[in-house]
Amino acid sequence: MNAQMECTSCGSRLGITEIAYTCRECGGLLDVVYDDAPGDPEELKARFRARRLSDETADRSGVWRFRELLPFADKRHIVTLGEGNTPHWDAPRAAAYAGVDRLAVKHQGMNPTGSFKDNGMTAGVTQARALGATTVACASTGNTSASMAAYAARARMRAAVFIPDGQIALGKLSQALDYGALTLQIEGDFDVALALVRQLTDTDPIYLLNSVNPFRIEGQKTIAAELCEQRGWRVPDRIVVPGGNLGNVSALGKGFMELLDWGFIDRLPRITVVQAEGAAPFAQMVRSGATTLTEVANATTRATAIKIGAPVSWPKAMRVLEVCGGEVLTVTEAEIAEAKAVIGSDGIGCEPASATTVAGLRQLIADGLATPDENVVCVLTGHLLKDPDYTVEYHFGRLEPGAAHANAPVRVASNLDAIRIALKS
Ligand code: F0G
């Protein structure tokens, strides 16, 4: 199956051995496209499932066991940490909180480096290896950098990560340091860091691994296939995702659209994107009916993963909403914090950005834009332990005074009487 890069704006094509992140003709975003459908869907579904029992490295990856869906890579180049294969769980307390009869969460935080970025990074670093890259770089609010640092280390490549100074969660920073990346704390926010790394990689022999790189999207789109597989290939009515740089919604949308085109599924889910109120350029664009995105200067939110004012992939995200149907919402800081604690109370937990999904779903139900009997999946993008400071502050009542689900530790004297009194309270 012949793979090429294609401009999503003017349709120009480029070979996949070219190093390009945007169209050389018009500057549009690129997709990886294939000339033919991958083959008989029923036969492939059986093959994808059978690979779960295989001991072969590529088969054990939740990205590469779907390799017929992203056939750009030569198996010899695959760089994998066994990513994907993430759980799909019922979340009854979160369902009751949001106001739906039942709710499933797809926990992408259960990846090797604790976020959904691993699904895309395995594909991005595999392509970097195929191209012979020796240095890779990205700007990041923390998860992309953690993931890239790990996969680059596995591939013995040099990694340079550009992070906004003092604005990323400690769990994420510690990962980039431990995996040996050159970690550049840029004086400025994510948007400044991304603009700089894009300039650098346009001229210098360094391969860019932000989600503007279409090979990242190829890996991330397999989340759609794995989700459908876990549900017996029955498509949910609605998928809810957080929106930051908008790579995730673009990837999921591409995944679902291809699965429909290629005969694996019979319909598309609606897709709801949720942004933090202080970092919501895409929501503002959609709400106003504008046809281009106006950047938000100095985006703010404690959900630092999605503290982004100039999301690169908005044209792709817009297309996904047009084809799948859907909406973009904003939620407040208090709503994010409360929803996060509720997800925790199901024994699941996530990082703040991921909790926008349950907060957004609650809003959809309250506004009558979704019905309680819908089959909904919230995609939890990052692990609870990515940002322990946030969680501790919430439960100590320092993040949101009077927080309804705060669960502060109880100080108790070192004797059983005191402990029994505490247990009764
Ligand atoms: N959730 C988490 C935990 C994230 O880390 C991100 C993005 C998103 C949601 C939003 O996804 O950007 O594809 O719309 N994190 C990027 C990073 C920006 O650098 O780690 P998106």
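In which kind of space does the ligand sit? In this predicted model, the ligand sits in the largest cavity. The legends below describe that site and two further spaces.

**Figure 1. Residues surrounding the ligand.** The ligand is surrounded by 21 residues. Ser140, Asn245, Leu246, Asn248 and Thr381 are the closest of them. Two helices, α5 (143-154) and α10 (247-261), each contribute at least two residues to this shell. Sorted by class, the shell comprises 12 polar, 7 nonpolar and 2 charged residues.

**Figure 2. Polar contacts of the ligand.** Three residues shown here place a polar atom at a short listed distance from a ligand oxygen: Ser140, Asn143 and Thr144. For Ser140, an N or O atom of the side chain lies 2.7 Å from an oxygen atom of the ligand. Asn143 also uses its side chain, with a polar atom 2.8 Å from an oxygen atom of the ligand. In Thr144 the partner is a polar backbone atom, and its distance to an oxygen atom of the ligand is 2.8 Å. The ligand taken alone exposes 470 Å², of which the protein buries 98%.

**Figure 3. The largest cavity, which holds the ligand****.** The structure contains 3 cavities of 30 Å³ or more, and the volume of the largest is about 300 Å³. Its lining consists of 26 residues. Nearest the centre of this cavity lie Phe116, Lys117, Gly244, Asn245 and Ala305. Helices α5, α8 (214-220) and α10 are the elements that give two or more residues to the lining. The lining residues divide by class into 15 polar, 8 nonpolar and 3 charged. Asn245 is named both among the residues closest to the ligand and among those nearest the centre of the largest cavity.

**Figure 4. The second largest cavity.** This cavity encloses about 40 Å³ of space. Leu69, Lys221, Thr222, Ala225, Gly255, Glu258, Leu259 and Trp262 form its lining. Two elements, α9 (222-230) and α10, each give two or more residues to that lining. The most comes from α10, which supplies 3 residues. By class, the lining of the second largest cavity holds 4 nonpolar, 2 polar and 2 charged residues.

**Figure 5. The largest pocket.** About 560 Å³ of space lies in the largest pocket. It is lined by 23 residues, and Thr8, Asp31, Lys254, Met257 and Arg319 are the closest to its centre. Strands β1 (3-7) and β3 (30-34), together with helices α10 and α12 (314-324), are the elements that give two or more residues to the lining. Helix α12 provides the largest share, 6 residues. The lining of the largest pocket has 11 nonpolar, 8 charged and 4 polar residues.

**Figure 6. Helix α10 across the views.** Helix α10 supplies at least two residues of the shell around the ligand. The helix is also one of the elements that give two or more residues to the lining of the largest cavity. In the second largest cavity, α10 gives the most to the lining. In the largest pocket, α10 is again among the elements with two or more lining residues, although the largest share there comes from α12.

Terms used:
Residues numbered from 1 in each chain as written. Predicted model: local features only at pLDDT ≥ 70, side-chain atom pairs only at ≥ 80, totals over all residues. Heavy atoms only, no water. Near = heavy atom within 4 Å. Polar contact = N/O pair within 3.5 Å; in protein donor to acceptor, adjacent residues only side chain to side chain. Areas by Shrake-Rupley, 256 points an atom, 1.4 Å probe, with all protein chains shown as cover. 1 Å grid on protein atoms, 1.4 Å probe; cavity = no way out; pocket = protein on both sides within 12 Å on 5 of 7 lines; lining within 4 Å. Sits in = over half its atoms within 2 Å of the grid points. Helix = DSSP H or I, 4+ residues; strand = E, 2+ residues; numbered from the N terminus. Nonpolar A, V, L, I, M, F, W, Y, C, P; charged D, E, K, R; others polar. Points joined across faces, edges and corners; volume = space filled by probe spheres on them.
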